[in-house]
Amino acid sequence: KMKRELQKAKEKLAEQEFKVSKGGAVTVTVLGNKVVKAVEIDADAFDKDNQDMVQDMIVMAVNEAMEKIEEALEEINERITGQPGGMGF
C-alpha cells in the first residue's frame with residue numbers, strides 16, 4: 001500500500017509546475033518530472049551587453065527549480081514512509 005501511495009504522489013509531482021524567476025528578467029518553469037516547460041526572457045534583457053548575465057540567470061533558475069523538485073520529492077518520501085529518503089521504493 002505504501003508503495004502505491006508513493007507512486008501516486010510521484011505521479012502528481014510530475015505534473016506540478018515549479019516556476020523560478022531571476023532578476024525579473026528570466027523566468028523558468030520546470031515540471032516535477034524535471035522537464036523544462038518554459039523559459040521567458042523579458043524584452044529589456046535582450047541587449048547584447050546582457051547576454052552573459054541572462055544566460056547565467058537561466059542556468060541559476062533551472063538549477064533552483066530542480067532543487068525545489070528534489071525537496072518536494074524528499075518531502076513526499078518522508079511523509080509517506082516516515083523516513084528521510086524513503087524506503088528505496
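The following conversation asks how the terms applied to this predicted model are justified.

Visitor: What should be known about the numbering and the source of the values?

Guide: Residues are numbered from 1 along each chain as its sequence is written, and side-chain values use heavy atoms, with hydrogens and water left out. Since this is a predicted model, local features need pLDDT of at least 70 and side-chain atom pairs count only at pLDDT 80 or more, while totals for chains, interfaces and linings use all residues.

Visitor: How do you know which helices and strands the protein chain has?

Guide: Helices (H or I, at least four residues) and strands (E, at least two) are DSSP runs, numbered from the N terminus. By that definition the protein chain has two helices and three strands, and along the sequence they follow the pattern α-β-β-β-α.

Visitor: Why is the protein chain called more spread out than a compact globule?

Guide: The radius of gyration is taken over C-alpha atoms, and the globule rule is 2.2 Å times the number of residues to the power 0.38. For 89 residues that rule gives 12 Å, whereas the radius of gyration of the protein chain is 16 Å, well over it, so the chain is more spread out than a compact globule. The C-alpha trace spans about 55 × 20 × 15 Å along its principal axes.

Visitor: What makes alanine 9 buried?

Guide: Buried means under 20% relative accessible area, exposed over 50%, and partly exposed in between (1.4 Å probe, protein chains only). Alanine 9 has a relative accessible area of 14%, and therefore counts as buried. Alanine 9 is found in helix 1 (residues 2-15), and its C-alpha atom is separated by 11 Å from that of glutamate 74, although the two are 65 residues apart along the chain. Of the 89 residues of the protein chain, 29% count as buried.

Visitor: Why is the contact of glutamate 17 with lysine 37 called a salt bridge?

Guide: A salt bridge is a side-chain nitrogen of Lys or Arg within 4 Å of a carboxyl oxygen of Asp or Glu. The side chains of glutamate 17 and lysine 37 meet at 2.3 Å, N to O, so the pair satisfies that definition. This pair links distant parts of the chain, with glutamate 17 in strand 1 (residues 17-22) and lysine 37 in strand 3 (residues 36-41), 20 residues apart. Glutamate 17 is partly exposed at 41% relative accessibility, whereas lysine 37, with a relative accessible area of 51%, is exposed.

Visitor: How many salt bridges does the structure hold?

Guide: The structure holds three salt bridges. Among them is the one between glutamate 64 and lysine 22, whose closest N and O atoms are 2.5 Å apart. Because glutamate 64 lies in helix 2 and lysine 22 in strand 1, that pair ties together parts that are 42 residues apart in sequence. Glutamate 64 counts as partly exposed at 26% relative accessibility.

Visitor: What makes the pair of glutamate 70 and lysine 34 a salt bridge, and which parts does the pair tie together?

Guide: The closest N and O atoms of glutamate 70 and lysine 34 are 2.3 Å apart, and the two form a salt bridge. Glutamate 70 lies in helix 2 and lysine 34 in the loop between strand 2 (26-31) and strand 3, so the pair ties together parts that are 36 residues apart in sequence. Both partners are partly exposed, glutamate 70 at 31% relative accessibility and lysine 34 at 40%.

Visitor: What is notable about phi of lysine 34?

Guide: Phi of lysine 34 is near 70 degrees, which is a positive value in a residue other than glycine. Most residues other than glycine have a negative phi.

Visitor: Why is the group that includes Glu67 called a negative surface patch?

Guide: Patches are made of residues with over 30% relative accessible area and no salt bridge, like charges being joined within 9 Å and nonpolar side chains (Val, Leu, Ile, Met, Phe, Trp, Tyr) within 5 Å. Lys and Arg count as positive and Asp and Glu as negative, while His and the chain ends are not counted, and the place of a charge is taken as NZ of Lys, CZ of Arg, CG of Asp or CD of Glu. Glu67, Glu71, Glu74, Glu75 and Glu78 form the patch. Glutamate 67, in helix 2 (residues 51-81), is partly exposed with a relative accessible area of 49%, a value that lies over the 30% asked of a patch member.

Key:
Areas by Shrake-Rupley, 256 points an atom, 1.4 Å probe, with all protein chains shown as cover.
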